[in-house]
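Work through the exercises below with the sequence and the model side by side, and try each task before reading its solution.

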Amino acid sequence: MALVVQKFGGTSMGSIERIKHVAKRVLQEKEKGNDVVVVVSAMAGETDRLINLVKEITPEPNERDMDFVVSTGEQVSAGLLSIVLNNMGYPAVSLTGWQAGIKTDNAFTKARILDIDVERIKKHLKEGKLVVITGFQGITEGGDITTLGRGGSDTSAVALAAALNADRCDIYTDVDGVYTADPRIVPQAKRIDVLSYEEMLELASLGAKVLQIRSVEFAMKYNVPLRVRSTFTEDEGTLIKEEDETMERVVVRGIAHNKNEARITVERVPDKPGIAARIFDALAEANIPVDMIVQNVSVDGYTDISFTVEKNDASKAERITKEVANEIGARNVIRDDRIAKVSVVGLGMRSHAGVAGKVFETLAKYGINIVMISTSEIKISCIVEEKFTELAVRVLHEAFGLDKNE
Ligand code: ADP
Ligand code: ASP
Ligand code: MG
């Protein structure tokens, strides 16, 4: 008998009819004789709706209250699934994050899981019950409800699989696996059968929101094999596992894009030691992660510094940067929300030259201006104007031959 963690996303839980379908997928697994722990997202659109209610009041709410409101979507869907299962004659129990023992730090709206006390879950499994747990939420040491960031139910599922030493973690969603690009943008995208944790981590970090980044980090750290598959078909989906020697043969594995960043530019900053530290320390203190950073060549002892942050953090980051800019005598702070990051990812980039050149050439050919560039061993990212996102993804996908069968 195996222990399987199944996670169902928002679209899969989008209506009572769909929840009844999810119940069937859960029972398929149960009927194989396995113990099943189910992690669910809020019903489709619900988390957005809750966030918008809060934002109608203020753009910068108290984050504890924000989590208090936004975490409720998952409680509804977990309860509904448990009711459906019980109604079908299969004993089930619904648990919130705190009831399931999911302990997090205090970073409201983007909390990290510190530890999971699995006693209660194990007790219910021993009673023969299906255990349905709210994704996305946890509890701080002081007893406050936290949420794990958008897409956080993936992380709840993988962390539970690791803590329970589960045999498998299956992420059921509205696509039948991980594709070479977001299939909503590139209809020719191909499904990837197997890929490494590292590639998935880059793709997720760069915007392929099919999995939350932290979920892949957890899977990699605890070596939990992850499968991304469709709720609506029987297809096996994509397996994400440890790297093996065949994987490096693929130079470019996929293209990711992210419209969820904003660029902040500090103009005419005195070019002196310690100035960058002042800006980025202040942002770090406010728990705002910074992604790309570019500093221009200095002219007359002054320079410009640009960086990107998540759009969610942009208004707070702009305010903090303006305060620091005043203190250090910079001229101006400009915020641009209409940017996007387009990235090319593949393990084989470690050992193949020429990928960067091809990316720049391709974008230039279509008149797409590159605003910022960043690279790592296995990726190249370019910031472009937001209106060019879809075009950039499509032309890069084609340029690297990803629409052709291997
Ligand atoms: P869920 O609600 O099940 O968590 P998400 O919307 O978070 O689902 O993630 C699934 C979506 O991720 C897909 O519908 C697809 O549009 C998007 N996506 C982005 N990049 C990719 C990719 N490379 N492969 C598959 N799906 C992707
Ligand atoms: N409901 C949350 C969100 O929409 C968490 C999740 O679905 O994973 O971000
Ligand atoms: Mg998701």
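## Exercise 1: Aromatic pairs

Three aromatic pairs are counted in this structure, where rings of Phe, Tyr and Trp (its six-membered ring) pair if their centres lie within 6.5 Å, and planes under 30 degrees apart count as stacked, over 60 as edge-to-face and the rest as tilted. The model is a predicted one, in which local features need pLDDT of at least 70 and side-chain atom pairs count only at pLDDT 80 or more, while totals for chains, interfaces and linings use all residues. Residues are numbered from 1 along each chain as its sequence is written, and side-chain values use heavy atoms, with hydrogens and water left out.

Task: classify the pair of Phe 8 and Tyr 172, and state which strands hold the two residues.

Solution. Begin with the geometry: the rings of Phe 8 and Tyr 172 are 4.7 Å apart centre to centre with 15 degrees between the planes, and the pair is therefore stacked. Next, place the residues: Phe 8 belongs to strand 1 (residues 3-8) and Tyr 172 to strand 9 (residues 168-173), so the pair links parts that are 164 residues apart in sequence. Strands here are DSSP runs of E with at least two residues, and helices are runs of H or I with at least four, both numbered from the N terminus. Finally, check the exposure: Phe 8 and Tyr 172 are both buried, a term that means under 20% relative accessible area, with exposed over 50% and partly exposed in between (1.4 Å probe, protein chains only).

## Exercise 2: A pair within one helix

Task: describe the pair of Phe 218 and Tyr 222, and decide for each residue whether it is buried or partly exposed.

Solution. The ring centres of Phe 218 and Tyr 222 are 5.8 Å apart and their planes differ by 20 degrees, which is a stacked arrangement. Both residues lie in helix 8 (residues 213-222), four residues apart, a separation of about one helical turn. An α-helix has 3.6 residues a turn, so residues three or four places apart point the same way. Phe 218, at a relative accessible area of 11%, is buried, whereas Tyr 222, at 44%, is partly exposed.

## Exercise 3: A mostly covered helix

Task: how many residues of helix 6 are buried, and what follows just after the helix?

Solution. Helix 6 spans residues 153-163, and nine of its 11 residues are buried; among them are Ser 153, Asp 154, Val 158 and Leu 160. Just after helix 6, Asn 165 adopts a positive phi of about 55 degrees.

Notes: Chains are lettered from A and ligands numbered from 1 in the order in which they are written.
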